[in-house]
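Visitor: Could you take me closely through one part of this model, the residues that carry a binding-site annotation, and set them in the chain around them?

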Amino acid sequence: MLRATYIRGPTIFRSLFVLPSLRFPPLRNMSHRPIQTLLNANEEWAQSVVKDTPDFFARSATCQNPKILWIGCSDSRVPESIITASKPGDIFVHRNVANQFHLHDDSALSVLSFAVKEIGVEHVVLVGHTNCGGAMACIEAAKVAATNPSTSTPLTRWLSPLTALVRSLDLSACSANEALNKVVEANIIKQVDNICKSEPITTAWADPLAKKVTVHGWMYDLAEGRIKELVVRDSQA
Amino acid sequence: MSQLQLNAAEDLINANERWARDVIKHDPNFFKDSATDSQRPKVLWIGCSDSRVPASVVTASMPGDIFTHTNIANQFHSFDDNVNSVLSYAVDPVGVKHVVLVGHSVCGGAQSAIQAAEQGPVEPYDPLTRWLAPLVQLVRTLDLHGLPENEAVDKVVEANIRKQVENICLSEPIVTAWATGKNVSVHGWVYDLATGRIRELVVRSPPCANASSC
């Protein structure tokens with residue numbers, strides 16, 4: 001079996017990111033495997049971790065001390081720990097449709113608050129990505145008149161700030177692909193802006209005794225598998 | 001940035017670069033295919049934001065396998081547009097076949113809720129206390145008297161998982177999916193931090209699961 005080995009920091013942690021054709025019988029497609037297979041994979045993974053680092057889980061259970069909060073998209077192609085070869089304990093995570101940070105959203109606000117004040121993360125990374133289905137949906141929605149509020153659904157309400165952002169952009173000279181990339185980038189910058197206006201961040205930045213926390217806007221390019229930093233903000237900026 | 005300032009965020013970007021190069025070495029088309037095909041994961045994972053429970057790592061999954069939403073204490077509130085929009089989008093258009101609600105041992109959210117329940121009712125005054133209010137209410141319905149702390153937390157974690165599964169089954173996307181014959185199951189899982197193992201606590205299948213029309 002071919003396995004990819006990732007070495008980060010002083011600890012060797014073998015990721016079980018292996019090519020499906022080489023790991024399972026050739027005809028099985030990983031994205032269609034049933035739930036039992038996930039549970040089996042978990043068992044195999046746990047055994048391999050214990051073999052590699054016998055006290056990993058026992059230590060992990062005592063506390064968490066991640067330096068990073070990742071706010072990203074729920075898209076299955078952007079699993080934060082796989083694409084950064086991270087191990088359990090590295091990244092505190094909040095993922096939702098189109099990597100939004102709404103200032104009225106208790107879900108994201110409570111994650112940010114807990115991460116900054118209780119966990120003490122040093123970096124908040126807001127991560128968007130190319131080919132974002134949420135962004136595509138908003139580009140389409142922006143072309144039609146605003147929907148009647150009485151027919152709104154959780155998803156249309158969730159995407160309405162992004163749809164409003166799309167309407168504020170000039171996409172007239174863009175191809176479909178260019179328009180999508182422009183929206184994804186503008187979205188990242190806007191969400192970073194929102195995060196910087198939130199109470200946990202404004203409080204941390206106003207307090208000279210608080211732990212330093214930096215906010216980053218990142219773009220993950222699906223076609224290349226690479227993260228690029230678009231913007232970074234800290235208390236000085 | 002100077003060497004002295006090499007930080008966790010930069011470290012992550014460097015690790016991503018190494019990972020991407022490794023993937024391309026083994027499968028030059030992986031990323032191009034991932035970008036051109038739309039995603040087709042069969043599983044939606046609703047879990048905790050806790051850094052020790054990364055969905056794809058603990059299930060040894062590939063990019064493309066699991067649509068993911070995480071929040072404090074793996075909640076599914078019926079009034080929360082965030083998780084409801086994820087569930088809605090996951091069922092249609094993404095087309096997941098399984099929703100897994102995953103709690104875990106030693107959950108900080110559960111611990112906070114136990115402490116808050118002991119203090120008596122307070123008016124939720126910030127996003128985190130508002131967020132945990134339903135869990136605090138759930139804790140108050142449980143008999144935790146005489147239990148050592150870790151057992152009390154375990155009891156709350158399991159009750160929480162069952163409650164959130166119930167909430168998911170009552171949600172519009174699932175009710176509609178089941179009423180229209182869509183084959184979507186809802187699972188409640190608990191991840192044990194001390195062993196790295198997932199255990200299934202409960203599974204709810206569509207009412208027509210055994211019918212040929214599904």
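**The annotated site in chain B**

Guide: Read from the N terminus, chain B follows the order α-α-β-α-β-α-β-α-α-α-α-β-β, where helices (H or I, at least four residues) and strands (E, at least two) are DSSP runs numbered from the N terminus. This is a predicted model, in which local features need pLDDT of at least 70 and side-chain atom pairs count only at pLDDT 80 or more, while totals for chains, interfaces and linings use all residues. Residues are numbered from 1 along each chain as its sequence is written, chains are lettered from A and ligands numbered from 1 in the order in which they are written, and side-chain values use heavy atoms, with hydrogens and water left out.

In an unreviewed UniProt entry, the annotation "binding site" covers B:Cys48, B:Asp50, B:His104 and B:Cys107; such annotations may be inferred rather than shown by experiment. Although these residues spread over 60 residues of sequence, they cluster in space, with a largest C-alpha distance of 8.9 Å.

B:Cys48 belongs to strand β1 (residues 43–48) and is buried at a relative accessible area of 9%, buried meaning under 20% with a 1.4 Å probe and protein chains only. Beyond residues up to four places away in sequence, B:Cys48 touches several residues, including B:Asn71, B:Val102, B:His104 and B:Cys107, a contact being heavy atoms within 4.5 Å.

B:Asp50 sits in the loop between β1 and α3 (55–58) and is likewise buried, at 4% relative accessibility. Leaving aside neighbours within four places in sequence, B:Asp50 contacts B:His104 and B:Val106 as well as A:Gln64 and A:Phe92 of chain A.

Notes: Buried means under 20% relative accessible area, exposed over 50%, partly exposed in between (1.4 Å probe, protein chains only).
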